[in-house]
Amino acid sequence: WFQVVHAHKPHFMALHCQEFGGKNYEASMSHVDKFVKELLSSDAMKDYNRARVYLDENYKSQEHFTALGSFYFLHESLKNIYQFDFKAKKYKKVTGKEIYSDTLESTPMLEKEKFPQDYFPECKWSRKGFIRTRWCITDCAFDLVNIHLFHDASNLIAWETSPSVYSGIRHKALGYVLDRIIDQRFEKVSYFVFGDFNFRLDAKAVVETLCAKATMQTIRAADTNEVVKLIFRESDNDRKVMLQLEKKLFDYFNQDVFRDNNGTALLEFDRELSVFKDRLYELDISFPPSYPYSEDSSQGKQYMNTRCPAWCDRILMSHSAKELVLKSENDEKIVIYDHIGPNVCMGDHKPVFLSFRIAAGAGKPIANVHKCCVVQ
C-alpha cells in the first residue's frame, strides 16, 4: 500500500476497510489500534499532516457493529479542505489528526448504518452496512461511502438460479444505500461508493460455460436427500473431473482461466452492476478477480477453491462523479483503476484502488488543479 502511495503521491487519500479486526475480531481488535497508530506515524505518511480515522470497533453492539474502517489522509500542500457535519448541516475546516472508534454513533461527521437483519436472515449476526462521509476541496463537494454487501452463503444455492438469490439480496441492499445518500435531507453531491460489494459472477452461466462438454453427477445426503455435491466430468478423457461444487467448495481443475489476461473472458458473467447502470459508473476492469485468494503467505497469486473467483472489490461512482474523474481541466488525464499486491498475500481479498486528478472547483474557468486519489 505504501508503494502505491509513493508511486501516485496523492494529495487527498481515502482508504476503506471491511471486516476490520478480521473474523476473530474479539481477539484481534487490540491489534487494530496498534496498526492505526503505526500507520499515522509511519515515515511514508509524514507529509500527511491531517487525518480522520473512523473505526467501528464496538463488536459488543449486535445492533450496530459493521466492522468498517474509513481512513482519510490530507497532504500538507492541500489547502482549504472541509468535512461536512451531518447534524449541523455545515462544513467544518479539517485540522489535525483525529481517530474515532467507540463513538461513531454520536459522531456528526459521518452517517453509519447496518443493514436490517431481515435482509439476510440465514446469517445470524451479519456485520454488513455502510459509512458515509462528505468532503469539500475548494468548492468541489463529494460523498465517500464505505460499503460491505452480503456474501454468497452457499455455492449450491447460488448455482440454482440466474441471477442468484444472493444477487437479489445485494441488489436490495445497494439500492437502499443509494436511495439513502440522495434523499431529501441534504444537498445532492457527487458520490463514490467503494468497498466489498461481494458481487459474484453469474454462477449458473459460468458453470455451464466452463463445463459445457461435461456430464454432471449429483450426490445427495442419505438421510435428507438434499444435494450436497455436484461433480462435473469430461465426457471422454477418462471421465476426468473438471469441477466439484459444494456449499463452500468451488474446485475447478484449471485456475488459469481466472488469471489469464486478467480473467477478461469471465467479465461477461459479471452482471450485478448492470441493474444500476443508470445510477452508477465504473471504469473498465483490467485486473483479475479480487477474491478469494489463498491466505498462505507463500501463495500470493493462488485462488482458494472455496468460491468461484469474482470481482468483489470495486470503486463505483455517480455519473456526476464520473465527470469529475474523466473531465480533468489539465493535460494530464491520468486515471488508474487497478489492484494492489498481485504477487503478495494480502488476505483473501486483493485491495483495489482508483487514482485520478481532478480540477478543484471543477467546471470553474480558472480552477486550481489539485491531485486527488481515492484508494481502497
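**Exercise 1.** Leaving aside neighbours within four places in sequence, which residues is phenylalanine 250 in contact with (heavy atoms within 4.5 Å)?

*Solution.* The model is predicted, local features need pLDDT of at least 70, side-chain atom pairs count only at pLDDT 80 or more, and totals for chains, interfaces and linings use all residues. Residues are numbered from 1 along each chain as its sequence is written, and side-chain values use heavy atoms, without hydrogens and water. The contacts of phenylalanine 250 are Asn155, Val207, Leu210, Leu243, Gln244, Leu245, Phe258, Asn305, Thr306, Arg307 and Cys308.

**Exercise 2.** Place phenylalanine 250 in a nonpolar core (buried Ala, Val, Leu, Ile, Met, Phe, Trp, Tyr and Cys residues joined through side-chain atoms within 4.5 Å).

*Solution.* Phe250 belongs to the largest nonpolar core, which has 60 residues. Together with Phe12, Leu144 and Phe192, Phe250 has the most contacts inside that core. A second, separate core has 27 residues, including Ala158, Ile169, Val193 and Leu316.

**Exercise 3.** Count the disulfides (pairs of cysteine sulfur atoms within 2.5 Å) and examine cysteine 211.

*Solution.* The count is zero. For cysteine 211, the nearest cysteine sulfur is that of cysteine 308, 10 Å away. Cysteine 211 is buried (under 20% relative accessible area, 1.4 Å probe, protein chains only) because its relative accessible area is 6%.

**Exercise 4.** Describe the lining of the largest pocket by class.

*Solution.* The lining has 17 nonpolar residues (Ala, Val, Leu, Ile, Met, Phe, Trp, Tyr, Cys and Pro), 16 charged (Asp, Glu, Lys and Arg) and twelve polar (the others, Gly among them). A pocket is an open set of points on a 1 Å grid over the protein atoms alone, where a 1.4 Å probe fits, with protein on both sides within 12 Å along at least five of seven lines; lining residues have an atom within 4 Å of a point.

Terms used: A disulfide is a pair of cysteine sulfur atoms within 2.5 Å. Buried means under 20% relative accessible area, exposed over 50%, partly exposed in between (1.4 Å probe, protein chains only). Contact means heavy atoms within 4.5 Å.
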